[in-house]
Amino acid sequence: MPEGDTVFLSAQTLHRFMAGRIVTRFESVYPALTRIAEDQPIVGRTIESVSARGKHLLMAFSGDLILRTHLRMNGSWHIYPAGARWHRPARDMRVLVCTADACGVGFNIPVAEWLTSRDLNRHRQLQALGPDLLGGSFDRDAAVRRIRARAGDPIGEVLLNQRVIAGIGNVFKSEILFLAGIHPFTPAGALAGDDVERIVEVAREQLAANVMTRSQTLSRSTGRRTTRSLDPNAKLWVYSRGRKPCRRCGAAIQSRKSGEDARVTYWCPRCQPRRVPGEALDV
Ligand SMILES: [Zn+2]
């Protein structure tokens with residue numbers, strides 16, 4: 001599942017190669033997108049900017065038109081030099097925006113719509129987003145407050161709730177809580193104030209560090225890394241490591257499915273002990 005750092009990097013790359021250029025070709029399989037393109041042609045407009053807000057990618061065109069896409073589980077944006085062969089089948093293309101030099105191709109993107117800047121300011125989902133971990137004006141105190149307000153929810157679920165804090169997906173959720181030493185099923189309300197502050201701090205560091213290293217290597221395939229290990233097989237602490245020994249203490253990593261879409265949470269029972277009074281320890 002794309003996380004905030006992936007959307008941020010996609011936006012950054014599309015911006016670098018396409019902003020300031022004129023659109024020479026626009027296609028989409030979505031009638032709602034092509035209909036407006038017939039009435040108010042996209043070809044000939046200038047791409048003003050490409051940016052990320054949480055997991056939403058916004059491509060702004062001259063003449064006050066913004067393309068909002070959301071990658072959900074399987075969507076991705078690729079950028080290719082003009083005329084280059086795509087790495088994905090053409091049948092997966094949902095949106096195509098080309099300039100004279102480059103094409104941005106949205107593959108399997110389930111959500112795409114046109115907005116004016118006025119629509120954008122009133123957009124329900126965008127307005128509901130919590131503080132953006134990769135945003136320039138990240139509000140740390142607001143993030144801490146919003147997490148604490150979900151007192152009854154397990155902290156793992158709270159971190160995935162984009163209305164609380166924007167940018168964390170399932171991989172980072174498990175990794176952040178490991179690094180902060182917090183059991184993922186602890187109710188947010190049972191955490192001490194400095195635990196919540198530490199979680200927010202770690203979350204911001206991890207997302208920012210992954211944007212940095214992944215944009216330096218210019219390769220998405222190197223993937224996320226939270227351990228600082230140079231071993232390519234040891235990039236993550238707990239995610240997808242069920243029953244394997246903890247890299248820090250050797251205890252067997254635990255995993256559990258939870259939530260609507262049965263996402264799997266991973267944690268180390270020794271490094272992330274439960275601290276809720278009256279509840280049995282998970283061992
Ligand atoms: Zn451990």
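1. In this predicted model, a zinc ion is held by four sulfur donors: the SG atoms of C246, C249, C268 and C271 coordinate the zinc ion at 2.2 to 2.4 Å. The angles among these 4 donor atoms run from 99 to 114°, and the site is tetrahedral. Along the chain, the donors follow the spacing C-x2-C-x18-C-x2-C.

2. Where do C249 and C268 lie in the chain? C249 belongs to the loop between helix 8 (193-217) and strand 9, whereas C268 belongs to the segment after strand 10, so the pair ties together parts that are 19 residues apart in sequence.

3. Are C249 and C268 buried or exposed to solvent? C249 has a relative accessibility of 27% and therefore counts as partly exposed, since that class lies between the cut-offs of 20% and 50%. C268, by contrast, has a relative accessible area of 0% and is buried.

4. The next point concerns the two strands already named. Strand 9 (residues 254-258) and strand 10 (residues 263-267) run antiparallel and are joined by 5 bridges. Within this pairing, S255 stands opposite Y266 of strand 10. The two strands form a hairpin with 4 residues between them, and in this hairpin G259 adopts a positive phi near 80°.

5. P184 offers a view of another part of the chain. This residue is located in the loop between helix 7 (170-180) and helix 8. Its relative accessibility is 2%, so P184 counts as buried, the limit for that class being under 20%. Leaving aside neighbours within four places in sequence, P184 is in contact with P154, I155, G156, L177, T265, W267 and Q272. Of these contacts, T265 and W267 fall within the residue range of strand 10 (residues 263-267). Q162 is 22 residues from P184 along the chain, and the C-alpha atoms of P184 and Q162 are separated by 17 Å.

6. The final point turns to the protein as a whole. The protein contains 8 helices and 10 strands. Its radius of gyration is 20 Å; because a compact globule of 283 residues would have a value near 19 Å, the two agree. Taken along the principal axes, the C-alpha atoms fill a box of roughly 65 × 40 × 30 Å. Buried residues account for 49% of the 283 residues. Among contacts between residues at least 6 apart in sequence, 60% join residues at least 24 apart. The accessible surface comes to about 13,700 Å², and 49% of this surface belongs to carbon and sulfur atoms.

Note on methods: Residues are numbered from 1 along each chain as its sequence is written. This is a predicted model: local features need pLDDT of at least 70, side-chain atom pairs count only at pLDDT 80 or more; totals for chains, interfaces and linings use all residues. Side-chain values use heavy atoms; hydrogens and water are left out. Two strands pair if DSSP finds at least two bridges between them. Donors are N, O and S atoms within 2.8 Å of the metal (3.2 Å for Na, K and Ca); water is not among the atoms, so sites may look incomplete. Four donors count as tetrahedral if all angles lie between 85 and 135 degrees; four count as square planar and six as octahedral if opposite donors are over 155 degrees apart and all others between 65 and 115; anything else is irregular. Buried means under 20% relative accessible area, exposed over 50%, partly exposed in between (1.4 Å probe, protein chains only). Contact means heavy atoms within 4.5 Å. The radius of gyration is taken over C-alpha atoms; the globule rule is 2.2 Å times the number of residues to the power 0.38. Accessible areas come from the Shrake-Rupley method with a 1.4 Å probe; for residues, only the protein chains shown count as cover.
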